[in-house]
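Subject: Structure handover

Hello,

Here is the structure for you to look over. My notes on it come after the sequence and coordinates.

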Amino acid sequence: MTDIVFDIRSTFLQRAFAALRRRDLSTGPVMRAIARRLRNSAEDAFQAQRSPFGQRWPALSRATIEARIARITRGGKGLTKSGRLSSGVAARASGMKMLQDSGQLAASITATSDDTSATLAASKVYARIQHFGGNAGRGRSVSIPGRAYMPIDEDGNLPEPLRQSIMTMLQDHYAGR
């Protein structure tokens, strides 16, 4: 099992935690809340089929759609006599969600925390290629587009609304609310 861990070491978070430690406030509760917020951001990406930064994910390729339909109609089930998809199978096919064929990728995302960190990780081997994109498969012959679901970009930045949310959490914790 391979974990993808995004380590967020932004200056604003480091300063906020230093201020909390100077006031001798436990950061454990706020780190748990931050970890949950990070996990929620990833879950929202799966639901919206958009990156946490708002970019739409690339559509499923024709090959992926055909492979999924072949699994649904294995043995001819779900096909009409003329070979067309039955209305039930067509409805399932039209509602295909990206990165959610089996649900294992989303289920592999875990958020953990301790007194000094909040961690968001995905434990599926294919998690990295789905997030960043690249060549995969035998001989790396299949190009997979990136569908970012973790709330961090290549430079280690959080989406601004998430950053603001975390800052508010830290300020509230610092103020004792």
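The notes below go from the overall make-up to the aromatic pairs, the core and a few single residues.

This is a predicted model, in which local features need pLDDT of at least 70 and side-chain atom pairs count only at pLDDT 80 or more, while totals for chains, interfaces and linings use all residues. Residues are numbered from 1 along each chain as its sequence is written, and side-chain values use heavy atoms, with hydrogens and water left out.

Overall make-up

The protein has seven helices and five strands. Both are DSSP runs numbered from the N terminus: helices are H or I with at least four residues, strands are E with at least two. Read from the N terminus, the order of elements is β-α-α-α-α-α-β-β-α-β-β-α.

The protein has 177 residues, of which 34% count as buried. Here buried means under 20% relative accessible area, exposed means over 50%, and partly exposed is in between, with a 1.4 Å probe and protein chains only. About 10800 Å² of the protein is exposed, and carbon and sulfur atoms supply 49% of that area. Accessible areas come from the Shrake-Rupley method with a 1.4 Å probe; for residues, only the protein chains shown count as cover.

Among contacts in the protein with a separation of 6 or more, 65% are between residues 24 or more positions apart. A contact means heavy atoms within 4.5 Å.

Aromatic pairs

A search of the whole structure gives two aromatic pairs. Rings of Phe, Tyr and Trp (its six-membered ring) pair if their centres lie within 6.5 Å; planes under 30 degrees apart are stacked, over 60 edge-to-face, and the rest tilted.

In one pair, the ring centres of Phe46 and Trp57 are 5.9 Å apart and the planes stand at 85°, so this pair is edge-to-face. Phe46 belongs to helix 2 (residues 28-48) and Trp57 to the loop between helix 2 and helix 3 (62-72), so the pair ties together parts 11 residues apart in sequence. Phe46 is buried at a relative accessible area of 4%, and Trp57 is buried at 6%.

In the other pair, the rings of Phe46 and Tyr149 have centres 5.3 Å apart and planes at 40°, so this pair is tilted. It links distant parts of the chain, with Phe46 in helix 2 and Tyr149 in the loop between strand 5 (142-144) and helix 7 (160-174), 103 residues apart. Tyr149 is buried, as is Phe46. Ring pairs thus join Phe46, Trp57 and Tyr149 into a cluster.

Core and hairpin

The largest nonpolar core has 28 residues, and Ile34, Leu38, Ile109 and Tyr149 touch the most other members. Such a core is a set of buried Ala, Val, Leu, Ile, Met, Phe, Trp, Tyr and Cys residues joined through side-chain atoms within 4.5 Å. Helix 2, strand 3 and helix 7 each supply at least two residues of this core. Helix 2 gives the most, with eight residues. In soluble globular proteins, nonpolar side chains tend to be buried together.

Strand 2 (residues 109-113) pairs with strand 3 in the antiparallel sense over five bridges; pairing requires that DSSP finds at least two bridges between the strands. The two strands form a hairpin with four residues between them. Ile109 has Ala122 in strand 3 as its bridge partner. Four of the five residues of strand 3 (residues 118-122) are buried, so this strand is largely enclosed by the rest of the structure.

Single residues

Ser41 is in helix 2 and is buried, with a relative accessible area of 10%. Leaving aside neighbours within four places in sequence, Ser41 is in contact with Pro52, Tyr149, Pro151 and Leu162.

Gln49 is not a glycine but has a positive phi of about 55°. Gln49 sits in the loop between helix 2 and helix 3 and is buried, at 16% relative accessible area. Arg140, also not a glycine, has a positive phi of about 50°. Arg140 is located in the loop between strand 4 (134-136) and strand 5 and is exposed, with a relative accessible area of 59%.

Arg163, in helix 7, is partly exposed at 26% relative accessible area. The C-alpha atoms of Arg163 and Pro151 are 9.8 Å apart, with their positions 12 residues apart along the chain counted as separation.

Regards
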